[in-house]
Amino acid sequence: AMLPWWACLVLAAVSYFLLHRLATPIQASDIQGQGGAMVGAIIQKAIIHGWANAGQYIVPLLCLAAAAFSAWRRKQRQALVSDVMQARNSDVLDGMSWREFELLVGEAFRLQGFRVSETGGGGPDGGVDLKLTKGTEKFLVQCKQWKAFKVGVDVVRELYGVMAARGATGGFVVTSGRFTAEAKAFAEGRNVQLVDGPRLFSMIKQAKQSMSAAVKQPENKPAIAQ
């Protein structure tokens, strides 16, 4: 379900055709001439046939369910971005759940040209939430949906340690609120960027407007004289 919906559909089709071929009934010619290994061959083929016969329907159905879930999550992310685009300020981020906030942050980085993988930190404070890739570079993201408190230096220091352990090029700590002075001082000069609510709000606005302008540009391009 973490894959794009179209990739799930491809997996559904591929899994059906592969398992359907394995689910073909056992023929006598398949086991002739195997001598003492005939009984073992029959058992092995019967097991494969049984699993494939059931799997040719179960696995594609699971892939189709994953495709539907992936499409729903995509629609949810787009709806969150739309809400931000219509809002006047970053206060719109305060009403989101931690899960919605994580989805929004992932979409914000997609708009920046990153490939985003949701690692599932396990909760609102569950470690690294997103993994970003751009070319050969890898970045880690920690999301903090804290409405009443500032994100302290311990959070930034924790992400910096994980970055070093995983060999990440850089990292981001993203919050709907603010950062303490100690957190900003620790991040300064290091490859950790702190993204607070107003900066995230501005980042989404600018990226979305740039994409809209790029789409409209060919339409406004002056015709070349013949």
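Reader: Contact means heavy atoms within 4.5 Å. Among contacts in the chain between residues at least 6 apart in sequence, what percentage join residues at least 24 apart?

Author: The share is 59%. This is a predicted model, in which local features need pLDDT of at least 70 and side-chain atom pairs count only at pLDDT 80 or more, while totals for chains, interfaces and linings use all residues. Residues are numbered from 1 along each chain as its sequence is written, and side-chain values use heavy atoms, leaving out hydrogens and water.

Reader: OK. How many helices and strands are in the chain?

Author: The chain has 6 helices and 5 strands. Both are DSSP runs numbered from the N terminus: helices are H or I with at least four residues, strands are E with at least two. Starting at the N terminus, the order is α-α-α-β-β-β-α-β-α-β-α.

Reader: And how much of the chain is buried?

Author: Of the 226 residues, 36% are buried. Buried means under 20% relative accessible area, exposed means over 50%, and partly exposed is in between, using a 1.4 Å probe and protein chains only.

Reader: Start with H1, then. How far does it reach?

Author: H1 covers residues 5-22, 18 in number, and reaches 26 Å from its first C-alpha to its last. That is close to the expected 26 Å, where the expected span is 1.5 Å times one less than the number of residues.

Reader: Which residues of H1 are buried?

Author: Ala7, Cys8, Ala12 and Ser15. Seen down the axis of H1, the buried residues fall within an arc of 145°, so they line one face of the helix. The arc is taken from the directions between the helix axis and the C-beta atoms. Exposed residues Trp6, Phe17 and Arg21 are on the face turned away from the buried side.

Reader: Why would residues that aren't neighbours point the same way?

Author: An α-helix has 3.6 residues a turn, so residues three or four places apart point the same way.

Reader: Back to Cys8. How many disulfides does the structure hold?

Author: The structure holds 0, a disulfide being a pair of cysteine sulfur atoms within 2.5 Å. The nearest cysteine sulfur to that of Cys8 belongs to Cys63, 6.7 Å away, which is too far for a bond. Cys8 is buried at 3% relative accessible area, and Cys63 is buried at 14%.

Reader: New topic, the sheet. What is the strand order?

Author: The sheet is open, has 5 strands in the order E1-E2-E3-E4-E5, and its pairing is mixed. Two strands pair if DSSP finds at least two bridges between them. E1 (115-118) and E5 (192-195) are at the edges with a single partner strand each, so one side of each has no neighbour in the sheet.

Reader: What about E2 and E3, parallel or antiparallel?

Author: Antiparallel, over 5 bridges between E2 (130-134) and E3 (137-144). Leu140 in E3 is the bridge partner of Lys131.

Reader: Which helix lies across E3?

Author: H4 (153-166) lies across E3, E4 (170-175) and E5, and runs at about 155° to E3. Axes are lines fitted to C-alpha atoms, for helices over the stretch in contact, and angles run from 0 to 180 degrees between N-to-C directions.

Reader: What does Val162 touch?

Author: Val162 is in H4 and touches Val128 and Leu140, leaving aside residues up to four places away in sequence. Val162 counts as partly exposed, at 23% relative accessibility.

Reader: Last one: where is Arg88?

Author: Arg88 is in the loop between H2 (38-86) and H3 (98-111). At 82% relative accessibility, Arg88 counts as exposed.
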